[in-house]
Amino acid sequence: MAAEGEYLLELTDIEAGYGRAALVLRGLTVRVPPASVVCLVGPNGAGKSTVLKVASGMLTPRSGRITVCGRDVTRLGPQQMLRAGLSHVLQGHSVFKEMTVSENVLLGAYTIRDRAEIAERVDFVKTLFPVVAERWGALAGALSGGQQKQVEFARSLMVSPRVVLLDEPSMGLDPKATATVFEQVVRMRDAGTAVLLVEQNARRALETADLGCVLDLGRVHISGPAPDLLADPKLGELYLGSGTSTAGS
Ligand SMILES: Nc1ncnc2c1ncn2[C@@H]1O[C@H](COP(=O)(O)OP(=O)(O)O)[C@@H](O)[C@H]1O
Ligand SMILES: [Mg+2]
């Protein structure tokens, strides 16, 4: 395990919720080491999106601590979190369909002044996501759902984040597009961006991730190497749909 300060992102003992309603996160701890995909799984309403909102500064935690590479960023807002290296791809679809792919991607560069840096990042995301290069001048609305998700990924990488926060990237996609999206998650990691991945598709996410965390009642209930979680029969029954060994017909 990495020593303190060696994690890219640490959320420690986070308590957070909305207004006067009961807390959603009740002492949650999640850590993202370098060069890793960490997935957070749990049922609908468990608080997965809330974790990402806390990490990207959209929601200020009531207590707990957030650090990026050991630096305390606990009370920073969304723009400062982005500068600190946390880029958030929201749940659902956030491409602007009436704008071109290039316009959508370049929106992700709005905090960057240096034109050469922007050009370099454009080359980088075009290499990582070939469909972005191929459809660069097309209207984003003309792309399939899976392709639009890649446009969102490309946009999120324009700022060279340390960690990209992906909220249910496979939502609403067919199996083929889902497979591509998970491949792209691995490519992002291999290209140097760690990923904190939230998924309802727990089995598929754990097959992709290096580490997994199971969220239950506002805390991380079980965590460890993703293959260990996949092999855990109890977890299979409770969280992964069917048992691991009895797939049926
Ligand atoms: N903007 C909001 N205002 C009030 N309650 C919210 C808001 N967003 C989410 N919640 C509540 O917080 C809980 C966790 O939601 P969420 O983090 O979206 O779960 P998940 O992503 O795991 O499905 C749910 O009970 C949900 O109703
Ligand atoms: Mg959610």
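**Briefing: an aromatic pair, an open sheet and its helices**

The structure holds 1 aromatic pair (rings of Phe, Tyr and Trp, the last by its six-membered ring, with centres within 6.5 Å). This is a predicted model, in which local features need pLDDT of at least 70 and side-chain atom pairs count only at pLDDT 80 or more, while totals for chains, interfaces and linings use all residues. Residues are numbered from 1 along each chain as its sequence is written, chains are lettered from A and ligands numbered from 1 in the order in which they are written, and side-chain values use heavy atoms, without hydrogens and water.

**The aromatic pair**
- Phe129 and Phe153 form this pair, with 6.2 Å from centre to centre and 50 degrees between the planes; the pair counts as tilted (planes under 30 degrees apart are stacked, over 60 edge-to-face, the rest tilted).
- The pair links distant parts of the chain, 24 residues apart: Phe129 lies in the loop between helix H4 (115-128) and helix H5 (130-134), and Phe153 lies in helix H6.
- Helices (H or I, at least four residues) and strands (E, at least two) are DSSP runs numbered from the N terminus.

**The open sheet**
- An open sheet of 6 strands follows the order E6-E7-E8-E3-E9-E10, and its pairing is mixed (two strands pair if DSSP finds at least two bridges between them).
- Strand E6 (86-89) and strand E10 (219-225) stand at the edges with a single partner strand each, so one side of each is left without a neighbour in the sheet.
- On average, neighbouring strands of this sheet are turned by 20 degrees against each other, direction ignored (axes are lines fitted to C-alpha atoms, for helices over the stretch in contact; angles run from 0 to 180 degrees between N-to-C directions).

**Two strand pairings**
- Strand E3 (residues 37-41) and strand E8 (residues 194-199) run parallel and are joined by 5 bridges.
- Within this pairing, Val38 has Leu196 in E8 as its bridge partner.
- E9 and E10 pair in the antiparallel sense over 6 bridges, and the bridge partner of Leu215 in E10 is Val220.
- E9 and E10 also form a hairpin with 2 residues between them; in the turn, Leu217 has a positive phi of about 50 degrees.

**Helices across the sheet**
- Helix H1 (residues 48-55) lies across E3, E6, strand E7 (163-167), E8 and strand E9 (211-216), in contact (heavy atoms within 4.5 Å).
- The direction of H1 is at about 150 degrees to E7.
- Helix H7 (residues 175-190) lies across E3, E7 and E8, and runs at about 155 degrees to E8.
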